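Here is a short set of exercises to work through with the model open beside you. Try each task before reading its solution.

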Amino acid sequence: MSSERAGTGRGKLLLFGEHAAVYGHPACGLSLDSTMRVRIREIVPSRWRLPELDDGNRGMLGAFLESAEPLFPKELFRPGEISVESTIPVGMGFGSSAAWCAAFARAILGGSTDREMVWEKAHRAEEFFHGTPSGIDTGLAILNGLYAFTPSPPRLPGARPLEGFPMHFVVGAVPREGSTRTLVGDLRRRIESKDPEAKRLVEELGALSRSAIEILATGDSARIGEIGKLADEAQTLLDRLGLSTAALDTMIGIGRKNGALGGKLSGAGGGGAFYLLFEDLAGADRAYRAIADAVRNRIDRGETVLFRYSR
Ligand code: PMV
């Protein structure tokens with residue numbers, strides 16, 4: 001008889017505070033509808049099997065399993081055949097590695113384990129992929145909603161749910177030119193070498209994130225335009241830090257020309273994810289079509305993803 005355990009984790013969209021969060025500023029983001037589901041089917045003889053993966057990914061996840069083993073109680077860390085179903089674009093800034101860690105931790109720990117415990121384990125497991133993750137991505141993978149996060153390394157960040165209001169997004173991602181690890185490292189070197197411009201820009205990003213969180217906490221939908229303006233201001237600062245790319249600028253530019261209240265990259269930058277904010281669904285639809293028409297070839301080739309998201 002074989003028994004099966006399963007867990008899910010959500011994708012995320014970081015709204016404000018990327019990079020600033022590394023220096024103690026608050027950040028905010030939301031969980032997406034897209035999910036990753038991990039199933040572990042126990043087999044005889046007992047061992048890990050990853051039949052769906054190609055050799056590269058099998059090797060990587062094999063190393064992940066070795067690093068994760070000490071994090072979990074021995075009696076729960078029972079090997080089996082792993083299968084994964086996911087609607088989260090992988091490696092594009094929507095938190096696929098965090099969702100994997102959350103789904104895996106849930107499958108191992110069991111559905112009745114409390115969320116803080118799952119978050120703690122998923123966060124520790126994510127160190128395998130990111131070295132020193134902030135815990136925001138795994139938080140959004142598990143907590144599900146719109147949250148403000150206050151970093152408190154090496155512990156998990158404080159998480160506060162935000163009331164927010166209806167928001168309509170066009171969300172997308174373009175190819176990455178740098179990894180989160182290298183982009184965070186490059187900025188850290190600039191800050192440590194007392195680059196005054198980098199330090200000032202990060203402080204300003206932190207202040208914008210704080211303002212956005214204050215507005216989102218009010219739940220006052222009349223203030224949605226202010227969120228758009230803050231997104232535009234944050235994008236200017238992220239661009240000055242060298243974190244935007246021509247492809248991101250193009251997408252955000254088309255969105256703004258088509259009625260976005262504002263937009264910015266989301267996550268570490270160097271390509272990757274971005275979002276544009278709209279007051280209503282019809283506006284988001286129009287801009288979605290304009291962007292999709294402009295970059296149809298790149299979407300067809302799988303280099304660019306584009307979708308709408310409303311909350
Ligand atoms: O690249 P992402 O989406 O995982 O975002 C990273 C966010 C940073 O602030 C750049 C890093 C962090 O750990 O907070």
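**Exercise 1. Start at the end of a helix: what phi does Gly-110 take, just after H2?**

Solution. Gly-110 directly follows H2, and its phi is positive, about 95°. Helices here are DSSP runs of H or I with at least four residues, strands are runs of E with at least two, and both are numbered from the N terminus. Before going on, note that this is a predicted model, in which local features need pLDDT of at least 70, side-chain atom pairs count only at pLDDT 80 or more, and totals for chains, interfaces and linings use all residues. Residues are numbered from 1 along each chain as its sequence is written, and side-chain values use heavy atoms, with hydrogens and water left out.

**Exercise 2. Describe the largest nonpolar core and say which helix gives the most to it.**

Step 1. A nonpolar core is a set of buried Ala, Val, Leu, Ile, Met, Phe, Trp, Tyr and Cys residues joined through side-chain atoms within 4.5 Å. Buried means under 20% relative accessible area, exposed over 50%, and partly exposed in between, with a 1.4 Å probe and protein chains only.

Step 2. The largest such core holds 99 residues, and Leu-15, Phe-16, Phe-64, Trp-100 and Phe-104 have the most contacts inside it. The top contributor is helix H2 (residues 96-109), with 10 residues.

Step 3. Look around Phe-64: leaving out residues up to four places away in sequence, Phe-64 touches Trp-100, Cys-101, Phe-104, Ala-125, Phe-128 and Phe-129. Contact here means heavy atoms within 4.5 Å.

Step 4. Of the 14 residues of H2, 13 are buried, so this helix is largely enclosed by the rest of the structure.

**Exercise 3. Check the length of H2 against its expected span.**

Step 1. The expected span is 1.5 Å times one less than the number of residues.

Step 2. For the 14 residues of H2 this should give 20 Å, and the end C-alpha atoms are 20 Å apart, which agrees.

**Exercise 4. Work out the strand order of the open sheet of 4 strands, and which strands stand at its edges.**

Step 1. The order is S7-S8-S6-S9, with antiparallel pairing. Two strands pair if DSSP finds at least two bridges between them.

Step 2. S7 (262-266) and S9 (305-310) are the edge strands; each has a single partner strand, so one side of each is left without a neighbour in the sheet. On average, neighbouring strands are turned by 20° against each other, direction ignored.

Step 3. Now follow the pairings. S6 (residues 168-174) and S8 (residues 272-278) are joined by 7 bridges, and Val-171 has Tyr-275 as its bridge partner in S8. S7 and S8 share 5 bridges, with Phe-274 as the partner of Leu-265.

Step 4. Although S7 is an edge strand, 5 of its 5 residues are buried, so S7 is largely enclosed by the rest of the structure.

Step 5. Add the helices. H8 (residues 246-257) lies across S6, S7 and S8, at about 10° to S8, while H9 (residues 281-294) lies across S6, S8 and S9, at about 180° to S9. Axes are lines fitted to C-alpha atoms, for helices over the stretch in contact, and angles run from 0 to 180 degrees between N-to-C directions.

**Exercise 5. Is Ser-244 buried or exposed, and which side chains do its polar contacts join?**

Step 1. Ser-244 sits in the loop between helix H7 (224-240) and H8. With 11% relative accessibility, Ser-244 counts as buried.

Step 2. A polar contact is a pair of N or O atoms within 3.5 Å; within protein, one must be able to donate a hydrogen and the other to accept it, and residues adjacent in sequence count only if both atoms are side-chain atoms. The side chain of Ser-244 makes such contacts with those of Gln-235 at 3.0 Å and Asp-249 at 2.8 Å.

Step 3. Ser-244 also touches Leu-265, the residue of S7 whose partner in S8 is Phe-274.

**Exercise 6. Which peptide bonds into Pro-45 and Pro-154 are cis or trans?**

Step 1. Val-44 and Pro-45 are joined by a cis bond, with omega about -5°. The bond from Pro-153 to Pro-154 is cis too, with omega near 5°.

Step 2. Pro-154 lies in the loop between strand S4 (146-152) and strand S5 (155-161).
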